[in-house]
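Okay, thanks for coming, everyone. I'll put the structure up and then walk you through it.

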Amino acid sequence: MHVALAAVSAAAVTGRAPPMVHIPPLGRATAAAPFRFEVDHVSRKPGSRARTGRIFTRHGVIETPGFVPVATSGALKGVTNEQADAAGVQLMFANTYHLMVHPGADAVAGAGGLHSYMGRTRPLITDSGGFQVFSLGASAASDGSELKRRNKRGGAGGLLLSTREKGVVFRSYFDSSPIELTPESSVRARRSSGTDSGGRRAAAARHAAACCH
């Protein structure tokens, strides 16, 4: 990995295309290196930053760039795991905020983690819930259509109850109970879900999976 990234960095500085990097055969990550990313090709086209690579996780390898469907609350709408596997889906993304609302982090952990809860054996990543915190408040005239959709569940006043230095408190759209989201509770929820990456790793995985232009 270090050799591959060093080659990419050198190319960025010199403007020359890096040499092809040898990548070992596909396989799962090891106990010593449960998560890693390797670049196996960088475009030689002038001005292009396009590249291909592989993310190695405990549950398999993800080839990048790739399409990552969102299983918001731990399920893809209208698609079974078998159908997703048949379509070649290597990675799914689940939303920490929605999982905290329902069924709850404790329920996911009690099921043996998100993989067991979903019945999935391939890689999963989760986010921090931060975007939902940003989008939970009352809508404003300057909001785009994506943020205005929050009124469908939260009403004109939104779901955000309070914002403090420690974190935020929002009203559950499932049963109206208050739920506190802090950096600590977000990390606990992601760790208890047992996914392949969360937080900075999730961000790294999304960046790696994206095609750079």
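I'll go through the sheets, then the cores, then the backbone oddities and the salt bridges.

Quick caveat before we start: this is a predicted model, so local features need pLDDT of at least 70, side-chain atom pairs count only at pLDDT 80 or more, and totals for chains, interfaces and linings use all residues. Numbering starts from 1 along each chain as its sequence is written, and side-chain values use heavy atoms, with hydrogens and water left out.

Let's begin with the strands. When I say helix or strand, I mean a DSSP run, H or I of at least four residues for helices and E of at least two for strands, numbered from the N terminus. And strands pair if DSSP finds at least two bridges between them.

So, what is the order of the open sheet of three strands? It goes β1-β2-β3, with antiparallel pairing. The edges are β1 (36-42) and β3, each pairing on one side only. On average, neighbouring strands here are turned by 20° against each other, direction ignored; those angles come from lines fitted to C-alpha atoms, on a scale from 0 to 180 degrees between N-to-C directions. If you want to find the β1 and β2 (residues 51-57) pairing on screen, there are six bridges joining them, and His41 has Thr52 as its bridge partner in β2.

Further along, we get hairpins. Strand β6 (residues 160-163) pairs with β7 in the antiparallel sense over three bridges, and the hairpin between them runs through four residues. Leu160 is bridged to Phe170 in β7. Then β7 goes on to pair with β8, again antiparallel, over four bridges, with Val168 facing Leu181 as its bridge partner in β8.

Hang on to that second hairpin for a moment. It has six residues between the strands, and one residue there, Ser176, has a positive phi near 70°. Most residues other than glycine have a negative phi, and most peptide bonds are trans. Is Ser176 buried or exposed? Well, in between: it counts as partly exposed, at 49% relative accessible area. The cut-offs are under 20% for buried, over 50% for exposed and partly exposed in between, with a 1.4 Å probe and protein chains only.

While we're on backbone oddities, there are cis peptide bonds to point out. One runs from Thr64 to Pro65, with omega near 0°, and Pro65 sits in the loop between β3 (60-64) and α2 (81-86). Another joins His102 and Pro103, with omega about 10°; that proline is in the loop between α3 (96-101) and α4 (105-110).

Pro103 also leads us into the core. Leaving aside residues up to four places away in sequence, Val108 touches Pro103, Gly113, Leu114 and Ser193, where contact means heavy atoms within 4.5 Å. Val108 belongs to the largest nonpolar core, which has 11 residues in all, including Leu76, Met92, Leu99 and Met118. Two elements, β4 (92-94) and α5 (114-118), give two or more residues to that core. A separate core has 10 residues, among them Tyr97, Leu136, Val168 and Leu181. By nonpolar core I mean buried Ala, Val, Leu, Ile, Met, Phe, Trp, Tyr and Cys residues joined through side-chain atoms within 4.5 Å.

Last topic: charges. How many salt bridges does the structure hold? Six, counting a side-chain nitrogen of Lys or Arg within 4 Å of a carboxyl oxygen of Asp or Glu.

Glu38 and Arg36 make one, at 3.2 Å, N to O. Glu38 is buried at 8% relative accessibility, and Arg36 is buried too, at 19%.

Next, Asp85 meets Arg120 at 3.6 Å, N to O. Asp85 is in helix α2 and Arg120 in the loop between α5 and β5 (124-126), so this pair ties together parts that are 35 residues apart in sequence. Arg120 is buried at 4%, whereas Asp85 is partly exposed at 28%.

Then there's Glu180 with Lys166, where the closest N and O atoms are 4.0 Å apart. Glu180 is in strand β8 and Lys166 in the loop between β6 and β7, 14 residues apart. Glu180 is partly exposed at 33%, and Lys166 is exposed at 52%.

One final thing: Asp85, Arg120 and Arg122 are joined into one network by salt bridges that share partners. Okay, that's me done.
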